[in-house]
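Q: Please take a close look at one part of this structure, namely the aromatic rings and the way they pair. A connected account suited to a newcomer would be appreciated.

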Amino acid sequence: MSEDKNKIEVAKRVARVVPEAKNGKIDVATRVQGFNQTIPESKKISSIMPTLGMKRMSLGTIPGDDNRCMTSSIVKPPGKLPVTSTLQELGDGYYLGTDGLYMINHNDTIVRFSNFSVYIQEKYVSIDEEDNRTESVNLMIIVDSKKYEFPIPVRRYKSLMHFLDGNIPECTLFSERVRTAKECLKHALSLLYGKYQGPVTEKYSYFGWSHKRSDGTRYFLHGGRNDCLSVKKLVAMENIKTADLKTALQVFQIAGKRVVYPLMLYQAEAFLDALFTDAKHPIQHTLMAVACSGSKKTSLFRVIFAPFDSEEDKAYTVRSTEASMKILHGKHRDDVFVVDDFNEEGTKIQIQAVINKIHHLVRAYSDKTPQAMYAGPNRIRKYCIRGGCVFTAEEEIAGEILSASVRYLKVYFDTLPNENILTLFQDNPQLLQQFWSAFIYYVEANYANIVGYIKSTFNCMRQTEKKFKFDRLKDTGIAMTITAYVMAQFLKEAGLSTNEEASQWVQDVHQTIFDLVSRQDQQTNPLRPEVKFLVALYDCMGSGQLQIASDLSHYIANLSQYRGYWDKETIMLQASNSYVLASDYYRQKDDHLGISERELCKILKAKNLIEHDTTGCLKKASSLIPGRPRMLCLKDELCRQTIEKNREAI
């Protein structure tokens, strides 16, 4: 009798959510699995729930509910719900069922307060490229018989409902059944986290070369490894086919060798940047492709560069914000970041802002400039760029400065790419994915030997190659030649080339690349911008293109003819007209002045080459001139001396 009385009492407590349990006529064991023991009257309903431990259970079919089609996390509960799932005790009166989370309310009644279940599949520590560590969990959410799996940092784990609202809106809390449902969810999640007994693993969050191991080597991290979270994956070695690798070699016929060699080698350099860095010779150049609209340069870049990225992640506009640029640097670590497409459109200020951004990118990648990442009001984290950056332009950048022009290799598109081969690789991106995967596996297996080769060869080639005006451009040619040698060794080992063919190819690459860098070295003018400006003005004065009145009165009488006048030992010039004249002078010579008008005036002032008012770089003209403009007042003798000092370079 005592046992029957206990069962009837328990059935009454569950009656609110189990409509069939009336008058103690139903055995609760039909609803709560594992109930087959006598429960003392003094214990609460929580005592009857079986503890199943934290092992992942077979979920089977999740019971449906016709009224659970909700769109927000705070909704009216769908009436009385029977306890139809096996419950797992979390503690403190909370339970995890296959159809949601449960709790014991103040009336000792079991209540379901969510329509979704949460399971922790794995705990791990996420490690970024700067060795910063973040505790995270892999979660599985079950709602309406659907499974969702995703990682989430522990710091956001207790705010899970906020994440679910934005990403899985069908997940709901029954707040009218349990008014503090959100707080109950946080408590249940905390209990669930504490119950986890599995191992805590380490996983890397980035794509690219790992930190150095004790023997000085590295291994390549990608999404195909169990210890890497990156979405970018190499093709598994067993899935790489020799026939596809042979087909992939057709990429070298996709365009002329003065185009395709530097492009393919630069992608290889990005994968080798860590090795060059370990050899104390980091890659210190970017790549600029100059081609008119319609030349298919962007299509070609999407085929060759960033082979493991999705199509939308292969190229970005140069007008992206500085903040987004920093994020993109990280996404393309040990890969190529493509910035497309610069052209001189908009106001002068807008054009100059874009040029400044390109110069920043060029310097950041060529000098491996540390980038600041703001991680809170008082924390600033820095990381170093690794990999490559390519940007395209319809014309050479007007106003480029010397320090930038020697930091990138210019590639000119003389002809259109081969349409058939381009289409082949556009339709079959897996060809180059297999090619570069096999290349990376080869480099990984021979890491120490390749680093040693770079160390021994780089300085030797610096001594043997011909003299350049700019050593940076020579180093560009050396790095690409060494990269070609590494690629040739890979092709031989893969059975794609004979010794003779590989040797001949390296010589051909060396000749082609050094022709490009030699031409750029010769065309790059070492003159400073202010000297170039003065040279242009005095040349134009000598040729009659720039007419200067002998004095103020002649100038006023013939304003349409003259652009300035002599004032004792100085030349008063219309500033803007003089700058435009000098820019046109160099444009006709296929060159650029290399500086903005405002920056030019600042330099002339700093070098004491002009007279000026106290508040600026220009001088207010005579009141006899209509409008009394501010003019550029050159000190003739000092300007001539400056030109003479640079006569050899001129």
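A: In this predicted model, a suitable place to begin is Phe490, which counts as buried because its relative accessibility is 3%, under the 20% cut-off. Tyr442 is likewise assigned to the buried class, since its relative accessibility is 12%.

The setting of these residues begins with another pair. The rings of Trp436 and Phe439 have centres 5.6 Å apart and planes at 80°, so this pair is edge-to-face; the label applies to planes over 60 degrees apart. Both Trp436 and Phe439 belong to helix H12, which covers residues 430–445, and they are separated by 3 residues, about one turn of the helix. Trp436 and Phe439 are both buried.

Tyr442 and Phe490 form a pair of another class: their ring centres lie 6.1 Å apart and their planes stand at 50°, so the pair is tilted. Because Tyr442 is part of helix H12 while Phe490 is part of helix H14 (residues 471–493), this contact ties together parts that are 48 residues apart in sequence.

These four residues are members of a cluster linked by ring pairs, which also includes Phe207, Trp209, Phe220, Phe271, Phe308, Phe435 and Tyr447. The structure as a whole holds 26 aromatic pairs.

One member of the cluster, Phe207, also has a charged partner: the charged end of Lys232 sits over the ring of Phe207, at 4.4 Å from the ring centre. A further lysine, Lys123, lies over the face of Tyr193, 3.5 Å from the centre of that ring.

Key:
Residues are numbered from 1 along each chain as its sequence is written. This is a predicted model: local features need pLDDT of at least 70, side-chain atom pairs count only at pLDDT 80 or more; totals for chains, interfaces and linings use all residues. Side-chain values use heavy atoms; hydrogens and water are left out. Rings of Phe, Tyr and Trp (its six-membered ring) pair if their centres lie within 6.5 Å; planes under 30 degrees apart count as stacked, over 60 as edge-to-face and the rest as tilted. Helices (H or I, at least four residues) and strands (E, at least two) are DSSP runs, numbered from the N terminus. Buried means under 20% relative accessible area, exposed over 50%, partly exposed in between (1.4 Å probe, protein chains only). A charge sits over a ring if NZ of Lys or CZ of Arg is within 6 Å of the ring centre and within 35 degrees of the ring normal.
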